[in-house]
Amino acid sequence: MNKRQEKIVLLLNDTKAWMTGKEISKLMQVSDRTIRSDIDAINRYYEQPIIESNLRSGYHIRDEINVTLPTAQK
């Protein structure tokens, strides 16, 4: 996982709310498409998908998931 993807996970984990791809892309200063690719990569990184998506609401960390970033521990 790259640094931007780690920031996305931390952002979604801290907000505990749904965020649209457009909101995340503005904060990360990248395109909506990049965010979709990053979300896909994040979900493939973990054993089970941690980010849930909804066409109307956007993205959020699944409630039952306790996220830890192994690379953030360095």
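The legends below accompany four close-up views of a predicted model.

**View 1. N43 and its surroundings in helix α3.** Welcome to the first stop, which is centred on N43, a residue of helix α3 (residues 32-45). N43 has a relative accessible area of 16%, so it counts as buried, the cut-off being under 20%. Look for the side chain of N43, which reaches the backbone nitrogen of I51 at 2.9 Å. Leaving aside residues up to four places away in sequence, N43 touches Q48, P49, I50 and I51. I51 therefore appears twice in this view, as the residue whose backbone nitrogen the N43 side chain reaches and as one of the residues that N43 touches.

**View 2. The salt bridge between E6 and K3.** The structure holds four salt bridges, and here is one of them, formed by E6 and K3. Their closest N and O atoms are 4.0 Å apart. Both residues belong to helix α1 (residues 3-15). Because E6 and K3 are three residues apart in that helix, about one helical turn separates them. The two partners carry opposite labels for accessibility: E6 is buried at 7% relative accessibility, whereas K3 is exposed, with a relative accessible area of 58%.

**View 3. The salt bridge between D38 and R4.** In this close-up, the side chains of D38 and R4 meet at 2.5 Å, N to O. The pair links distant parts of the chain, with D38 in helix α3 and R4 in helix α1, 34 residues apart. What is the relative accessible area of D38? The value for D38 is 3%, so this residue is buried. Its partner R4 has a relative accessibility of 27% and counts as partly exposed.

**View 4. The salt bridge between R44 and D40.** The last view returns to helix α3, where both R44 and D40 lie. These two residues form a salt bridge, and their closest N and O atoms are 3.1 Å apart. Along the helix, R44 and D40 are four residues apart, about one turn. R44 counts as exposed, with 59% relative accessibility. D40 has a relative accessible area of 42%, which means that it is partly exposed, since that class lies between the 20% and 50% cut-offs.

Definitions and conventions. Residues are numbered from 1 along each chain as its sequence is written. This is a predicted model: local features need pLDDT of at least 70, side-chain atom pairs count only at pLDDT 80 or more; totals for chains, interfaces and linings use all residues. Side-chain values use heavy atoms; hydrogens and water are left out. Helices (H or I, at least four residues) and strands (E, at least two) are DSSP runs, numbered from the N terminus. Buried means under 20% relative accessible area, exposed over 50%, partly exposed in between (1.4 Å probe, protein chains only). A polar contact is a pair of N or O atoms within 3.5 Å; within protein, one must be able to donate a hydrogen and the other to accept it, and residues adjacent in sequence count only if both atoms are side-chain atoms. Contact means heavy atoms within 4.5 Å.
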